[in-house]
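Subject: Structure handover and notes

Hello,

Please find the structure below. My notes on it follow.

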Amino acid sequence: ATLSEVPATAILYVVKNEEAGLLKLMEETFAGNSAENIDLWLISNSDNAQHQEQERRMVSSLKKRFGEECVHYYVPANNPTGRKHLALQKWSADHQEYRYIMVCDADTVLHSGMLLKLIAKAEHPLNKDIMLFQSHMEMRRSVTRFARFIEPGQNLVERAFRRVNSHVFGRSPYYGHSALIRRKEFAKLAVPDYALSHDLWETAAMDLARTRAVLCEDATSEEMLPVNYLEDRARTRRWILGTLEATPLLFKRGLSLGTRFYLFLPLYMYYVQPVFLCWILLGLLAHNSISGSAIAVQPLIIGGATGLDLEMGGMCLATLSVVWLYRLPFARSVPEFFALAREILLGTGVIVNNILYVSWYIVASPWSQRGWRPMKKEGVENISFRVCWNGMLPSTLIGGVLLAVGLCVAPAWCLLASPILVSFLLGSAAVYWTSKSALTTQAVIQLSP
């Protein structure tokens, strides 16, 4: 649709204790998307005076560049938990003059002209049944080796999976940000105050309200990745708690198949990690010099004559294949293939540790605190090797114990499980190395659209 007039729209950056780099991102977003009737808001959930003062200075700087009338600052009253969706609810109740809101996280950048494109979609008469227009998100601006290496794989997920799922089900989940939303209708959705992963609850609530979110592949936004594995693991822990908290939604009546799939998918991604861990340990327990062959396994036949008995230790290789190698067929060029292969190598060296840590987070979730802190995203944090060693100590110790036991009772298992054992044993060194600047690393290869 062609816009004859832009309806009142607010770009909302909802932040908590963010650093000064936020100013640059907000400037870039608004410079490329400002228009008549479009305002820029900084909604603060910050819980200390220092960050709030810094935010006021940011807003003052934005006002000087874009004008007093279109840049605003809002601090919600009585939001002790700092929950994002509660801040949005309070803001929406106080500012009913807007028809649309564009929700952004502190690391979001909207491409130039993207907001008007989404508003035009929302104003089209055929899209009246759609409440939320989710942009296509790209991972960019990575500054460390860790973020630079995993960037291609993350963008592949956006390209190959989220687009396909959206076409199959005719709807998209809400990812909590980078989306244009009908303010009035969205404010009516019932989401528990305690919800950590509010986007899961909002996705289900939209379905129950007989409306939906859609993925807009031609409207692109950018976001950042964690700067190191320890930061990524901390974010994963919070996501696990929020996802497990939303498990009852799976069994709620009235939800469509697509919504149930979107609710099930993150649960599956987390619950499969303990399965993989048990799978790996089963290889050691099922065939060793003490118990013998507790499980009979069909040998792998090579060339029709030679048999190679992988026993249960081969499950370690199968696990790695399931977790990582499925990505390679999606490469559309030789550079993409090597970019994804490089990510797989990093995944084997660092992220395979998630098999252990995610399993523990799931087991410990009933007793875990449900607080929230912002992800560190700007610059290169100069973490010491001691911090990396302490952060990876549990997997290092467990890797040492498994190696010692395996060498004593099942040497063949150690060979087959070597990628995982090496990841556990050398994880602290790998985390330290990948936390450093990627400025001297070859620029990341962008995936084909």
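Just after H2, glycine 67 takes a positive phi of about 115°. Bear in mind throughout that this is a predicted model.

Helix H2

I began with H2, the helix that ends just before that glycine. H2 covers residues 49–66, which is 18 residues, and spans 25 Å from its first C-alpha to its last, close to the 26 Å expected at 1.5 Å a residue. At its N-terminal end the cap is asparagine 48, with a side-chain oxygen 3.2 Å from the backbone nitrogen of glutamine 50.

The buried residues of H2 are His51, Gln52, Gln54, Glu55, Met58, Val59, Leu62 and Phe66. Viewed down the helix axis, the buried residues of H2 fall within an arc of 160°, so they line one face of the helix. Ala49, Gln50 and Lys64 are exposed, on the other side of H2. What do the buried residues of H2 pack against? Their partners are strand E1 (9–15), helix H1 (22–33), strand E2 (38–44) and strand E3 (71–74).

The sheet

Three of those partners, E1, E2 and E3, also appear in an open sheet of eight strands. The strand order is E3-E2-E1-E4-E7-E6-E8-E5, and the pairing is mixed. E3 and strand E5 (109–110) are the edge strands, each pairing on one side only.

E1 and E2 run parallel and are joined by seven bridges. Within this pair, leucine 12 stands opposite tryptophan 41 of E2. E4 (residues 100–104) and E7 (residues 179–182), by contrast, pair in the antiparallel sense, over four bridges. There, tyrosine 100 is opposite arginine 182 of E7.

How many of the residues of E2 are buried? The count is seven of the seven, so E2 is largely enclosed by the rest of the structure. Ile38, Leu40, Leu42 and Ser44 point one way from the strand, while Asp39, Trp41 and Ile43 point the other way, and all are buried. In general, side chains in a regular strand alternate between the two faces of the sheet.

Further along the sheet, helix H5 (residues 145–169) lies across strand E6 (130–139) and strand E8 (212–223). H5 runs at about 155° to E6.

Aspartate 207 and leucine 255

These two residues touch each other, so I treat them together, starting with the aspartate. Aspartate 207 sits in helix H7 (residues 198–208). Is this aspartate buried or exposed? Its relative accessibility is 5%, and the cut-off for buried is under 20%, so aspartate 207 counts as buried. Leaving out residues up to four places away in sequence, aspartate 207 touches Arg171, Gly254, Leu255, Ser256 and Thr259.

Leucine 255 is in the loop between helix H8 (229–245) and helix H9 (257–286). With a relative accessible area of 9%, leucine 255 is also buried. Leucine 255 and leucine 208 are 47 residues apart in sequence, yet their C-alpha atoms are 6.3 Å apart in space. On the same basis as for the aspartate, leucine 255 touches Ala204, Asp207, Leu208, Leu249, Arg260 and Leu263.

The C-terminal part

In helix H16 (427–434), the buried residues are Gly427, Ser428, Val431 and Thr434. Down the axis of H16 these fall within an arc of 140°, so they line one face of the helix.

Alanine 438 lies in the segment after H16. Alanine 438 is buried, with a relative accessible area of 1%. Which residues does alanine 438 contact, apart from neighbours within four places in sequence? They are Val143, Thr144, Arg145 and Arg148. Alanine 438 and arginine 145 are 293 residues apart along the chain, and 4.7 Å separates their C-alpha atoms.

The chain as a whole

The chain has 449 residues, of which 54% count as buried. Its secondary structure comes to 16 helices and 12 strands. Among contacts with a separation of 6 or more, 80% are between residues 24 or more positions apart.

Regards

Technical notes. Residues are numbered from 1 along each chain as its sequence is written. This is a predicted model: local features need pLDDT of at least 70, side-chain atom pairs count only at pLDDT 80 or more; totals for chains, interfaces and linings use all residues. Side-chain values use heavy atoms; hydrogens and water are left out. Helices (H or I, at least four residues) and strands (E, at least two) are DSSP runs, numbered from the N terminus. The expected span of a helix is 1.5 Å times one less than its number of residues. Buried means under 20% relative accessible area, exposed over 50%, partly exposed in between (1.4 Å probe, protein chains only). The arc is that of the directions from the helix axis to the C-beta atoms. Contact means heavy atoms within 4.5 Å. A polar contact is a pair of N or O atoms within 3.5 Å; within protein, one must be able to donate a hydrogen and the other to accept it, and residues adjacent in sequence count only if both atoms are side-chain atoms. Two strands pair if DSSP finds at least two bridges between them. Axes are lines fitted to C-alpha atoms, for helices over the stretch in contact, and angles run from 0 to 180 degrees between N-to-C directions.
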